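Trainee: I'm new to this structure and would like a close look at one part of it. Could you pick a pairing of charged side chains and walk me through its surroundings?

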Amino acid sequence: MNSFLAGFRMNRTKIWVGAVTLLLVFYLVVSFQRSLLLLTDSNLTAKAIGAAYLVLPIVGAWALIRELMFGARTEQMAKVLEAEGGLPVDELPRTPGGRIVRAAADAEFEKYRAEAEAAPDDWRSWFRLSCAYDAAGDRKRARASMRDAMRLYTTAS
């Protein structure tokens, strides 16, 4: 029983991603079905709404696939870094609420920024820079850096 709980704790994020994915797939299927119903209606306005409504499941499926692939690639790169002993260690101080202290994250960020500037063709440095951006609260730049890391990782493989 304890090993089951330990496995559950380790895979909690994957379980939530799976649950949200299933809910989104259900929503996309229902949306697609409703758009087809509207498209078969004799009313021209209903047909137009059905055509517009058909775009939602297409865009939703594209976004879902893109995000799942992003997560899978990120996890793959993290496993390589972990095996090499190159994952950044999360030893940043935290507030009583559990948030990372911003000043500490900013100071740590400078180290990873310098590393990425010194080795711009190394996906590992961009991966670590992405983690530093994330710790500093800059999610947009964290994702951009991770995309750069993925591009370099793909060309290196």
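Mentor: Happy to! Let's begin with Arg102, which forms a salt bridge with Asp106; their closest N and O atoms are 3.5 Å apart. Keep in mind that this is a predicted model. Side chains of opposite charge can pair when their charged atoms come close. Here the sequence spacing helps us see the arrangement: because Arg102 and Asp106 are four residues apart in helix H4, about one helical turn separates them. An α-helix has 3.6 residues a turn, so residues three or four places apart point the same way. As for their surroundings, Arg102 is exposed, at a relative accessible area of 52%, while Asp106 counts as partly exposed at 35%.

Now follow helix H4, which covers residues 102-118, to another charged residue. Glu115 meets Arg128 in a salt bridge, with 2.5 Å from N to O. This pair links two helices: Arg128 lies in helix H5 and Glu115 in helix H4, so the bridge ties together parts that are 13 residues apart in sequence. Arg128 counts as buried because its relative accessibility is 13%, under the 20% cut-off. Glu115, at 25%, counts as partly exposed.

While we are in H4, have a look at Ala114 as well, which belongs to this helix. Ala114 is partly exposed, with a relative accessible area of 39%. Its C-alpha atom is separated by 42 Å from that of Val25, a residue 89 positions away along the chain.

For a pairing in another helix, turn to H6. There the side chains of Asp148 and Arg151 meet in a salt bridge, at 3.7 Å from N to O. Both residues lie in helix H6, three residues apart, or about one turn of the helix. Asp148 is partly exposed, with a relative accessible area of 26%, and Arg151 also counts as partly exposed, at 48%. Elsewhere, salt bridges that share partners join Lys14, Glu75 and Lys79 into one network. The count of salt bridges comes to 14.

Finally, both H5 and H6 have a part in covering another helix. Helix H3 spans residues 44-84 and reaches 61 Å from its first C-alpha to its last, close to the 60 Å expected. Among its buried residues are Pro57, Leu64 and Phe70, and what covers the buried residues of H3 includes helices H2, H5 and H6. At the N-terminal end of H3, Asn43 acts as a cap, with a side-chain oxygen 2.8 Å from the backbone nitrogen of Thr45. Just after H3, Gly85 takes a positive phi of about 75°.

Conventions. Residues numbered from 1 in each chain as written. Predicted model: local features only at pLDDT ≥ 70, side-chain atom pairs only at ≥ 80, totals over all residues. Heavy atoms only, no water. Buried < 20%, exposed > 50% of the residue type's maximum accessible area, 1.4 Å probe, protein only. Expected span 1.5 Å × (residues − 1). Contact = heavy atoms within 4.5 Å. Polar contact = N/O pair within 3.5 Å; in protein donor to acceptor, adjacent residues only side chain to side chain. Salt bridge = Lys/Arg side-chain N within 4 Å of Asp/Glu carboxyl O.
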